[in-house]
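Me: I'd like a close look at a single part of this model, please. Choose one place to begin, stay with it for a while, and then show me how it fits into its surroundings.

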Amino acid sequence: MGNAVRGVVAFIPSERCQRFLVGDLKEMPLDRTLDLSSRQLRRLPVAACVFDELVKLYLSDNNLSRLPAELQGLRKLQLLALDFNCFEELPAAVCRLPQLRFLYLGNNRIHCLPRELRDLRELTTLWLETNCFTDFPAVICELTNLKTLHLGYNLIRSLPNDLKRLQELRSIWLAGNLLTEFPPVLLEMHFLAIIDVDRNRIRYFPTLSHLNGLKLIIYDHNPCINAPVVGEGVRRVGRWADSSDDEQEEDGTKAGSETAEEVAEVQSEEKHIDQEQGAE
């Protein structure tokens, strides 16, 4: 089907026309994965919700703003990709998927999360980058199995102290927000392996050498006057990353050898690993 035809059909709201966009959905995919990305969908046909053995559902890069209640029938779903759509709020049906482990909501228009999100007890990975959050969603602090949190490119100014309750959290990505100081709560989270505060407004970095689990700190593109002091073997991405403290004082413009491309590779690899683990 040509893109022009898809574009016309996408504007017709009938169930029949929306099913035309996704093709024949009569049989359960053998790999228990259904990929309906980039179909210009404005509605998810109910026919896509009948496969109760489905493990992965990709709906990325469509024009979706809501989902049918029938979605909650996918009781074995572990991965749901809703990034690059038009959601302004999280559909209630998503919070009723008991085995969901990976939830991708980046590049939407979401500004808050429902309290029901806490019911996703198995959730380990949550991507919320490039949305409209002005405050850190407090309900996230109740996702006790969360390991990876992406909240970059929102309008967040601070993190709640309750975040330290997430003892399983290993990576937190906060690039492109409005942080004016390094979040104090992160200094108490010794189990974190990756901290990304790139492209914020942080002027001073405290010592991070006591964070025994830390492997990577990304702090580039901040108006900082110093680089964070880290323990042996910790990788730094940012100004003065390869300099001693004395060299920092002498050269306030030296850039680290790490690049934005390397950071992107880390994020891409992490997402790939997440998706590979989704069906395990």
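**One pair of strands and its surroundings**

Reply: Happily! Let's begin with strands S4 and S5: residues 102-104 and residues 125-127 run parallel and are joined by three bridges. Within this pairing, Leu-103 has Leu-126 of S5 as its bridge partner. Please keep in mind throughout that this is a predicted model.

From S5, it is worth stepping to Lys-147, which is found in the loop between S5 and S6. How far apart in space are Lys-147 and Thr-125, C-alpha to C-alpha? The distance is 6.0 Å, although 22 residues separate the two in sequence. Thr-125 belongs to the stretch 125-127 that makes up S5, so this brings us back to the strand we started from, now from the loop that follows S5. If we set aside neighbours within four places in sequence, the contacts of Lys-147 are Thr-124, Glu-168, Leu-169, Arg-170 and Ser-171. Ser-171 lies in strand S7, which spans 171-173. Even with these contacts, Lys-147 counts as partly exposed, at 36% relative accessibility.

Now for the wider setting. The S4-S5 pair is part of an open sheet of 10 strands, in the order S1-S2-S3-S4-S5-S6-S7-S8-S9-S10, with parallel pairing. The edges are taken by S1 (33-35) and S10 (235-237); each has a single partner strand, so one side of each has no neighbour in the sheet. From one strand to the next, the twist averages 5°. Along the chain, two α elements come before the run of β elements and two more come after it, giving four helices and 10 strands.

Two other loops deserve a look for their backbone angles. Asp-61, in the loop between S2 (56-58) and S3 (79-81), has a positive phi of about 60° although it is not a glycine. Tyr-153, in the loop between S6 (148-150) and S7, is also a residue other than glycine with a positive phi, near 60°. Both side chains' residues are partly exposed: Asp-61 has a relative accessible area of 43%, and Tyr-153 has 41%.

Further along the sheet, the aromatic residues come into view. The whole structure holds three aromatic pairs. In one of them, the ring centres of Phe-205 and Tyr-219 are 5.5 Å apart and the planes meet at 65°, so the pair is edge-to-face. Phe-205 comes from the loop between S8 (194-196) and S9 (216-218), while Tyr-219 comes from the loop between S9 and S10, 14 residues away. Phe-205 and Tyr-219 are both buried, and together with Phe-182 they form one aromatic cluster. Elsewhere, the charged end of Arg-239 sits over the ring of Trp-240, 5.2 Å from the ring centre.

Finally, the chain as a whole: 51% of its 280 residues are buried. The accessible surface comes to about 13,500 Å², with 47% of that belonging to carbon and sulfur atoms. Among contacts with a separation of 6 or more, 27% are between residues 24 or more positions apart.

Terms used
Residues numbered from 1 in each chain as written. Predicted model: local features only at pLDDT ≥ 70, side-chain atom pairs only at ≥ 80, totals over all residues. Heavy atoms only, no water. Pairing = 2+ DSSP bridges. Axes fitted to C-alpha atoms, helices over the stretch in contact; angles between N-to-C directions. Buried < 20%, exposed > 50% of the residue type's maximum accessible area, 1.4 Å probe, protein only. Contact = heavy atoms within 4.5 Å. Areas by Shrake-Rupley, 256 points an atom, 1.4 Å probe, with all protein chains shown as cover. Phe/Tyr/Trp six-rings, centres within 6.5 Å; stacked < 30°, edge-to-face > 60°. Lys NZ or Arg CZ within 6 Å of the ring centre and 35° of its normal.
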